[in-house]
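Trainee: I have this model open and would like a close look at one part of it. Could you walk me through the sheet and the strands at its middle, and set them in the context of the whole chain?

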Amino acid sequence: MEALKAAIAAIHKQRPRTTVVLTGAGVSADSGIPTFRGDGGLWRNYRAEDLATPEAFARNPLLVWEWYEWRRSLVREAQPNAAHVAIAKLPNALVVTQNVDGLHHRAGSTDVIELHGSLFRARCVRENKRTDALDPFTDLPPHCACGALLRPDVVWFGELLPEGAFERAARAVRDADLLLIIGTSGVVFPAAGLVSFHKGLSIEINPQLSALSSSCAYAIAANAAEATPPIVQAVLDAGTDR
Ligand code: APR
């Protein structure tokens with residue numbers, strides 16, 4: 001694990017005070033939640049244009065909701081893994097996630113930007129009002145009290161990110177001493193574009209090369225649950241060296 005050792009040495013040398021952690025589906029893979037691309041990825045077995053676009057929902061809201069109910073049930077049964085737990089221990093850290101599974105919150109992270117929304121909120125298509133939706137719906141597709149359909153409060157292909165989310169994330173990436181990029185293929189924009197704002201130390205954790213690997217100072221080829229805890233520990237130790 002040369003890259004892990006080298007990244008830990010760089011952390012001790014640079015003693016980062018502020019961190020942004022950019023995560024994708026791979027950070028939850030060790031919790032048993034499928035990723036989107038790659039082996040076993042959701043987009044290998046399902047067509048995004050049938051399930052994750054506004055047009056797909058307008059065509060067949062029941063089909064879309066059945067798929068989301070299945071994903072919601074997978075996540076409900078899953079637990080945060082060692083990577084989520086370690087990330088929650090980082091001081092002065094902002095988590096910017098593309099995941100909709102809520103596992104960073106469940107692990108104890110308090111400052112989290114969910115760029116792509118949440119599986120556990122729904123939104124009225126007429127009033128745009130958001131509601132928590134933790135439990136399974138009894139009737140699919142679910143409706144708002146006003147009579148209109150509810151939709152999952154997630155960002156589908158072709159939709160804008162939640163207002164202000166990208167801007168806040170970009171400012172934090174620009175100002176952070178350390179950027180950790182964990183478990184994303186780095187091919188979905190604008191999220192992947194955040195990396196270009198960073199000027200400090202950048203470390204990627206991903207068992208495969210991603211579209212972002214070459215722009216990181218260190219690319220650690222390992223699973224998130226394995227490599228994140230020692231990286232976080234190095235940040236904590238470097239802070240107490242001060
Ligand atoms: N630890 C770390 N990384 C892992 C692990 C693991 N155990 N297992 C897989 N990975 C990596 C893969 O190598 C891949 O690079 O996680 C990445 C997952 O990539 P994607 O499936 O493309 O997920 P993500 O980058 O989050 O996708 C972005 O695409 O469909 C949309 O909205 C969806 O938010 C999602 C966006």
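Mentor: Gladly! Let's begin with the domains, keeping in mind that this is a predicted model. The domain assignment divides the chain into domain 1, made of 1–33 + 80–116 + 165–242, and domain 2, made of 34–77 + 117–154. Between their C-alpha centres there are 27 Å. Where the two domains meet, domain 1 contributes 15 residues to the contact and domain 2 contributes 14 residues.

A few words on the chain as a whole. Its secondary structure amounts to 10 helices and nine strands. The radius of gyration is 18 Å, close to the 18 Å expected from the globule rule for 242 residues, so the chain is as compact as a globular protein of that length. The C-alpha trace extends about 60 × 35 × 30 Å along its principal axes. Buried residues make up 49% of the 242, and the chain exposes about 11500 Å², with 52% of that supplied by carbon and sulfur atoms. If you take the contacts between residues at least 6 apart in sequence, 64% of them join residues at least 24 apart.

Now for the sheet itself. Six strands form an open sheet in the order β3-β2-β1-β7-β8-β9, with parallel pairing. At the edges are β3 (112–114) and β9, each of which pairs on one side only. Ignoring direction, neighbouring strands are turned by 15° against each other on average. Helix α1, residues 2–14, packs on this sheet and touches β8 and β9; the direction of α1 makes about 135° with that of β9.

Let's follow the pairing, beginning with β1. Strand β1 covers residues 19–23, and five of its five residues are buried. Thr19, Val21 and Thr23 point one way from β1, while Val20 and Leu22 point the other way, and all of them are buried. On one flank, β1 pairs in the parallel sense with β2 (residues 93–97) over five bridges; another five bridges join β1 to β7, again running parallel. Leucine 22 is a handy place to see both pairings: its bridge partner in β2 is valine 96, and its bridge partner in β7 is isoleucine 181.

From isoleucine 181 you can step onward, since this residue also stands opposite glutamate 204 in β8. Strand β7 spans residues 178–182, and five bridges join β7 to β8, with the two running parallel.

That brings us to β8, residues 201–205, where five of the five residues are buried. Both faces of β8 are covered: Leu201, Ile203 and Ile205 lie on one side, Ser202 and Glu204 on the other, and all are buried. It is worth pausing at Glu204, which is among the buried residues of β8 and is the residue that faces isoleucine 181.

The last step leads from β8 to β9 (residues 218–220), through three bridges between strands that run parallel. Two of the partners are easy to find: isoleucine 203 has tyrosine 218 as its bridge partner in β9, and isoleucine 205 has isoleucine 220. With β9 you have arrived at an edge strand, which pairs on one side only.

Definitions and conventions: Residues are numbered from 1 along each chain as its sequence is written. This is a predicted model: local features need pLDDT of at least 70, side-chain atom pairs count only at pLDDT 80 or more; totals for chains, interfaces and linings use all residues. Side-chain values use heavy atoms; hydrogens and water are left out. Buried means under 20% relative accessible area, exposed over 50%, partly exposed in between (1.4 Å probe, protein chains only). Helices (H or I, at least four residues) and strands (E, at least two) are DSSP runs, numbered from the N terminus. Two strands pair if DSSP finds at least two bridges between them. Axes are lines fitted to C-alpha atoms, for helices over the stretch in contact, and angles run from 0 to 180 degrees between N-to-C directions. Contact means heavy atoms within 4.5 Å. The radius of gyration is taken over C-alpha atoms; the globule rule is 2.2 Å times the number of residues to the power 0.38. Accessible areas come from the Shrake-Rupley method with a 1.4 Å probe; for residues, only the protein chains shown count as cover. Domain bounds come from an automatic or database domain assignment.
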